[in-house]
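Good morning, colleagues. Please turn to the model on the screen, and I shall walk you through its strands and helices.

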Amino acid sequence: MSAIERRYLPTESCPVGIETRADGEKVITGYASVFFVSGDDGTQYRLFDDLVERIMPRAFNRALKDKHNAAALFNHDPNMLLGRVASKTLKLSKDQRGLKYEITPPAARADVVEAIER
């Protein structure tokens, strides 16, 4: 059995939200990763007592430029696909805060949208 590493961003620093577009379509929005800011402990991740991970602003440049076919998964579960870059149901972009996402989930994932709305 392989070990899966899962990291979670605190919702206060990386809120997840639902936007309702003009056509009524619901889109899940948020940050997949935030960039390191010196003095802000919420932007670095302690992996071990002596090891801290910091994401730098250039970290996603190549993946965004080459349009890697990233997948948006609910709870990192490959059986719970919410969107993909290639199908244009996942849009990734970068700003000064971090890597942003916009997911247009399938109707079959209305339960996920409802849970986020609550």
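Strand β2, residues 26-34, and strand β8, residues 98-103, are joined by 6 bridges, and the two run antiparallel. I should say at once that this is a predicted model. Within this pair, T29 stands opposite E102 in β8. As general background, strands of a sheet pair through backbone hydrogen bonds, in either a parallel or an antiparallel manner.

Which sheet do these two strands belong to? They are part of an open sheet formed by 4 strands, in the order β1-β2-β8-β7, with antiparallel pairing. Its edge strands are β1, residues 17-20, and β7, residues 90-94, each of which pairs on one side only. From one strand to the next, the twist averages 25 degrees.

Let me turn to what lies against these strands. Helix α2, covering residues 110-117, lies across β1 and β2, and it runs at about 70 degrees to β2.

Now to the chain as a whole. How many helices and strands does the protein chain have? There are 2 helices and 8 strands, and along the sequence they follow the pattern β-β-β-β-α-β-β-β-β-α.

Next, contacts and surface. Taking contacts between residues at least 6 apart in sequence, 46% join residues at least 24 apart. Of the 118 residues in the protein chain, 23% count as buried. The accessible surface of the chain comes to about 8500 Å², and carbon and sulfur atoms account for 52% of that surface.

Thank you for your attention.

How values were computed: Residues numbered from 1 in each chain as written. Predicted model: local features only at pLDDT ≥ 70, side-chain atom pairs only at ≥ 80, totals over all residues. Heavy atoms only, no water. Buried < 20%, exposed > 50% of the residue type's maximum accessible area, 1.4 Å probe, protein only. Contact = heavy atoms within 4.5 Å. Areas by Shrake-Rupley, 256 points an atom, 1.4 Å probe, with all protein chains shown as cover. Pairing = 2+ DSSP bridges. Axes fitted to C-alpha atoms, helices over the stretch in contact; angles between N-to-C directions.
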